[in-house]
Amino acid sequence: MKAVLFEKFQERPRITTLDDPTPEPHGVVLKVEATGVCRSDWHGWMGHDTDIVLPHVPGHELAGVVQAVGKDVRNWQVGDRVTVPFICGCGACPECHAGHQQVCLHQEQPGFTHWGSFAEYVGIHRADLNLVALPEHIDFATAASLGCRFATAFRAIVDQGKVSAGQWVAVHGCGGVGLSAVMIASAVGANVIAIDIDEAKLALARELGAVHTINGAAGTNVPEAVIELTRGGAHVSLDALGHPVTCFNSILNLRPRGKHVQVGLMLGDHTTPEVPMARIIGKELEILGSHGMQAHRYGAMLDMIGSGKLSPSRLVGRRISLAQAPEALMAMDKFQSVGATVITTF
Ligand SMILES: [Zn+2]
Ligand SMILES: [Zn+2]
């Protein structure tokens with residue numbers, strides 16, 4: 001198969017030919033039809049992810065068709081259209097038994113713990129637990145964009161934030177996760193305030209349902225602005241960027257008993273940000289993490305897409321070929337384009 005491979009971190013990945021994968025007894029091999037290019041792939045290529053063993057094939061936001069099925073797989077057949085969460089459960093630990101595969105103790109992530117989907121074929125383990133059937137109305141490029149940013153935002157808003165109609169929701173950072181969160185929170189009836197420093201992203205946030213936007217560029221006191229607009233603070237607030245400043249602001253702009261959901265990853269120097277703990281105690285705030293979404297929760301999200309309440313296809317940007325993937329991967333730190341870049345030809 002054709003694949004994107006790197007043998008050293010930070011060295012230009014190359015297009016090469018590798019042996020086609022064969023399925024594990026509990027796994028499947030998918031023919032990849034679309035795979036997103038994500039900043040996490042860039043972190044992996046830089047050497048920031050200790051799970052990666054070289055040489056490596058990246059890619060974790062994928063959709064495709066079942067090409068081969070292991071002997072112990074019961075629910076899937078050759079030809080099924082599927083996608084997969086970027087965190088796959090083991091099926092055997094207490095978290096998996098409780099239905100929380102997104103925090104599985106022995107989790108696997110295609111494109112990190114094993115070879116991923118920047119290739120014509122990819123192996124997925126524990127297929128009965130981790131695959132998600134794709135309805136006909138969802139095209140592969142849109143499906144590939146669900147597994148990482150969109151599903152993460154869905155879980156943050158619906159399952160962790162438990163956002164309900166009429167609540168105020170603040171979304172700090174309008175990259176892929178943030179814009180997804182704006183769309184999802186608006187769809188469930190919340191009043192959304194979007195915060196970013198890029199006017200183009202704020203304009204898109206308004207198109208996706210934000211009722212107010214705040215440009216957080218120098219000089220703006222973001223928490224004060226949110227508290228004023230909401231007359232007392234947001235009920236739920238997300239740091240969708242993953243930065244000490246947006247994290248701090250997101251906690252500070254909550255009303256009493258509000259919830260902060262940390263969605264953006266904190267990496268490198270940012271792993272232990274300062275938080276206003278006195279405020280958390282005095283106002284009984286809740287601080288929650290949100291980490292992907294388990295396969296069995298996809299049905300709710302897919303139904304909202306099917307009924308037209310959510311349109312993740314609006315967040316798909318450039319479509320590229322596998323040959324363009326090394327360039328796109330290496331450039332992921334330079335700027336975050338508004339729409340997700342998806343590889344759709346192999
Ligand atoms: Zn991703
Ligand atoms: Zn597990």
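## Two zinc sites, a parallel sheet and a few backbone oddities

Phe-6 is buried, with just 1% relative accessible area. Keep in mind that this is a predicted model. Phe-6 makes a good starting point, as a search of the whole structure turns up 1 aromatic pair, and Phe-6 forms that pair with Phe-9. The two ring centres sit 6.1 Å apart, the planes make an angle of 50°, and the pair is classed as tilted. The second ring has a different setting: Phe-9 has a relative accessibility of 31%, so it counts as partly exposed, the range between 20% and 50%.

Next along the chain comes Gln-10, where the backbone does something to look at. Its phi is near 70°, a positive value in a residue other than glycine. Gln-10 belongs to the loop between strand E1 (2–5) and strand E2 (14–17), and with a relative accessible area of 49% it is partly exposed.

Arg-126 tells a similar story. It isn't a glycine either, yet its phi is positive, about 45°. You'll find Arg-126 in the loop between strand E6 (121–124) and helix H3 (127–130), and at 37% relative accessibility it counts as partly exposed.

One more backbone item: the peptide bond from Leu-54 to Pro-55 is cis, with omega near -5°. Pro-55 is in the loop between helix H1 (39–46) and strand E4.

Now for the metals. Here are the two zinc ions side by side.

| Ion | Donors | Donor distance | Angles at the ion |
|---|---|---|---|
| Zinc ion (ligand 1) | Cys-38 (SG), His-60 (NE2), Glu-61 (OE), Cys-148 (SG) | 2.1 to 2.3 Å | 93 to 123° |
| Zinc ion (ligand 2) | Cys-90 (SG), Cys-93 (SG), Cys-96 (SG), Cys-104 (SG) | 2.3 to 2.4 Å | 100 to 119° |

Why is the zinc ion (ligand 1) called tetrahedral? The 4 donor atoms subtend angles of 93 to 123°, and four donors count as tetrahedral if all angles lie between 85 and 135 degrees. The zinc ion (ligand 2) is tetrahedral too, because its 4 donor atoms subtend angles of 100 to 119°.

How are the donors spread along the chain? For the zinc ion (ligand 1), the spacing reads C-x21-H-E-x86-C. This site ties together distant parts of the chain: Glu-61 comes from strand E4 (residues 61–69) and Cys-148 from helix H4 (residues 140–160), 87 residues apart. Both Glu-61 and Cys-148 are buried. The donors of the zinc ion (ligand 2) follow the spacing C-x2-C-x2-C-x7-C. Among those donors, Cys-90 is buried at 14% relative accessible area, and Cys-93 is buried at 2%.

Strand E6, the one just before Arg-126's loop, has both of its faces covered. Tyr-121 and Gly-123 on one side, and Val-122 and Ile-124 on the other, are all buried. That two-sided split fits a general pattern: in a regular strand the side chains alternate between the two faces of the sheet. As for its partner, strand E3 (residues 28–37) pairs with E6 in the antiparallel sense over 4 bridges, and Leu-30 stands opposite Val-122.

Further along there is an open sheet of 6 strands, in the order E10-E9-E8-E11-E12-E13 and with parallel pairing. Which strands stand at the edges? They are E10 (212–215) and E13 (286–289); each has a single partner strand, so one side of each is left without a neighbour in the sheet. Neighbouring strands are turned by 20° against each other on average, direction ignored. Take the E13 edge: strand E12 (residues 254–262) pairs with E13 in the parallel sense over 4 bridges, and Lys-259 has Glu-286 in E13 as its bridge partner.

Helix H8 (residues 244–252) packs on this sheet, touching strand E8 (168–172), strand E11 (234–239), E12 and E13. Its direction makes about 150° with that of E12. Which residues of H8 are buried? They are Thr-246, Cys-247, Asn-249, Ser-250, Ile-251 and Leu-252. The cover over the buried residues of H8 includes strands E8, E11, E12 and E13, along with helix H7 (222–229) and helix H9 (277–282).

Terms used. Residues are numbered from 1 along each chain as its sequence is written. Chains are lettered from A and ligands numbered from 1 in the order in which they are written. This is a predicted model: local features need pLDDT of at least 70, side-chain atom pairs count only at pLDDT 80 or more; totals for chains, interfaces and linings use all residues. Side-chain values use heavy atoms; hydrogens and water are left out. Two strands pair if DSSP finds at least two bridges between them. Helices (H or I, at least four residues) and strands (E, at least two) are DSSP runs, numbered from the N terminus. Axes are lines fitted to C-alpha atoms, for helices over the stretch in contact, and angles run from 0 to 180 degrees between N-to-C directions. Contact means heavy atoms within 4.5 Å. Donors are N, O and S atoms within 2.8 Å of the metal (3.2 Å for Na, K and Ca); water is not among the atoms, so sites may look incomplete. Four donors count as tetrahedral if all angles lie between 85 and 135 degrees; four count as square planar and six as octahedral if opposite donors are over 155 degrees apart and all others between 65 and 115; anything else is irregular. Buried means under 20% relative accessible area, exposed over 50%, partly exposed in between (1.4 Å probe, protein chains only). Rings of Phe, Tyr and Trp (its six-membered ring) pair if their centres lie within 6.5 Å; planes under 30 degrees apart count as stacked, over 60 as edge-to-face and the rest as tilted.
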